[in-house]
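Please look over the sequence and the model shown here before reading on. The paragraphs that follow lead through the structure step by step.

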Amino acid sequence: MSSEASAEGGKLKRAVDGISRRILTVTLRGLERDGILTRTVRNVMPPHVSDELTPMGMTLREATAPLLEWSTTHLTHIDAARAVYDARTDTPPA
């Protein structure tokens, strides 16, 4: 998060596997711009940024909760299907 490193940002980065701090920051700023969350920067050492869903962001969370639940329920099936697909010799690599 450039100079805006934070404990909360660190927790979020660890929760989202494979994302760089820069991309996470850009994404969070975009969500702030869209009105999905608010970001509060505290000028302490080290700088601290906290993110919080707005009321509109909460409705988005409620709307996407079934999709998240479906994906976590079926993740092992998705991984198995990918492994079968990747092992096939009649398809080009992804």
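Among the elements of this predicted model, helix α3, which spans residues 55-87, has the highest mean pLDDT, at 95, while helix α1, covering residues 7-15, has the lowest, at 66. Over residues 1-7 the pLDDT is below 50, and beyond near neighbours in sequence this stretch has 20 contacts in the model. For the protein as a whole the mean pLDDT is 85, with 87% of its residues reaching 70 or more.

With that confidence in mind, the overall layout can be read. The protein contains three helices and two strands, and along the sequence these elements follow the pattern α-α-β-β-α. Of its 94 residues, 18% count as buried, and the accessible surface comes to about 7300 Å², of which carbon and sulfur atoms account for 61%. When contacts between residues at least 6 apart in sequence are considered, 30% of them join residues at least 24 apart.

The two strands deserve a slower look. Strand β1 consists of residues 37-42 and strand β2 of residues 48-53, and the two pair in the antiparallel sense over six bridges. One of the pairings can be followed at Val41, whose bridge partner in β2 is Val49. A hairpin joins β1 to β2 through five residues, and Pro46 has its place in the loop between these strands. The peptide bond that leads from Met45 to Pro46 is cis, with omega near -10 degrees. This is worth a pause, because most peptide bonds are trans.

Side chains also link the two strands. Which residue does Asp51 meet in a salt bridge? The partner is Arg39, and the distance between the side chains, taken from N to O, is 2.6 Å. Asp51 lies in strand β2 and Arg39 in strand β1, so this salt bridge ties together parts that are 12 residues apart in sequence. As for their surroundings, Arg39 counts as buried because its relative accessibility is 11%, which falls under the 20% limit. Asp51, by contrast, has a relative accessibility of 23% and therefore counts as partly exposed.

Strand β2 also holds Ser50, whose side chain makes a polar contact with the side chain of Arg42 at 3.0 Å. Is Ser50 buried or exposed? At 13% relative accessibility, Ser50 counts as buried. Arg42 itself belongs to strand β1, which runs over residues 37-42, and this polar contact between the side chains of Ser50 and Arg42 can be viewed alongside the salt bridge formed by Asp51 and Arg39.

The structure holds two salt bridges, and the one still to be described involves Arg88 and Asp90, whose closest N and O atoms are 3.1 Å apart. For orientation in the sequence, helix α3 covers residues 55-87. How exposed are the partners of this salt bridge? Arg88 counts as partly exposed, with a relative accessibility of 39%, whereas Asp90, at 59%, counts as exposed. Returning to the salt bridge of the strands, the reader can set these values beside those of Arg39, which is buried at 11%, and of Asp51, which is partly exposed at 23%.

Definitions and conventions
Residues are numbered from 1 along each chain as its sequence is written. This is a predicted model: local features need pLDDT of at least 70, side-chain atom pairs count only at pLDDT 80 or more; totals for chains, interfaces and linings use all residues. Side-chain values use heavy atoms; hydrogens and water are left out. Helices (H or I, at least four residues) and strands (E, at least two) are DSSP runs, numbered from the N terminus. Buried means under 20% relative accessible area, exposed over 50%, partly exposed in between (1.4 Å probe, protein chains only). Contact means heavy atoms within 4.5 Å. Accessible areas come from the Shrake-Rupley method with a 1.4 Å probe; for residues, only the protein chains shown count as cover. A salt bridge is a side-chain nitrogen of Lys or Arg within 4 Å of a carboxyl oxygen of Asp or Glu. Two strands pair if DSSP finds at least two bridges between them. pLDDT is the predictor's confidence in each residue, from 0 to 100. A polar contact is a pair of N or O atoms within 3.5 Å; within protein, one must be able to donate a hydrogen and the other to accept it, and residues adjacent in sequence count only if both atoms are side-chain atoms.
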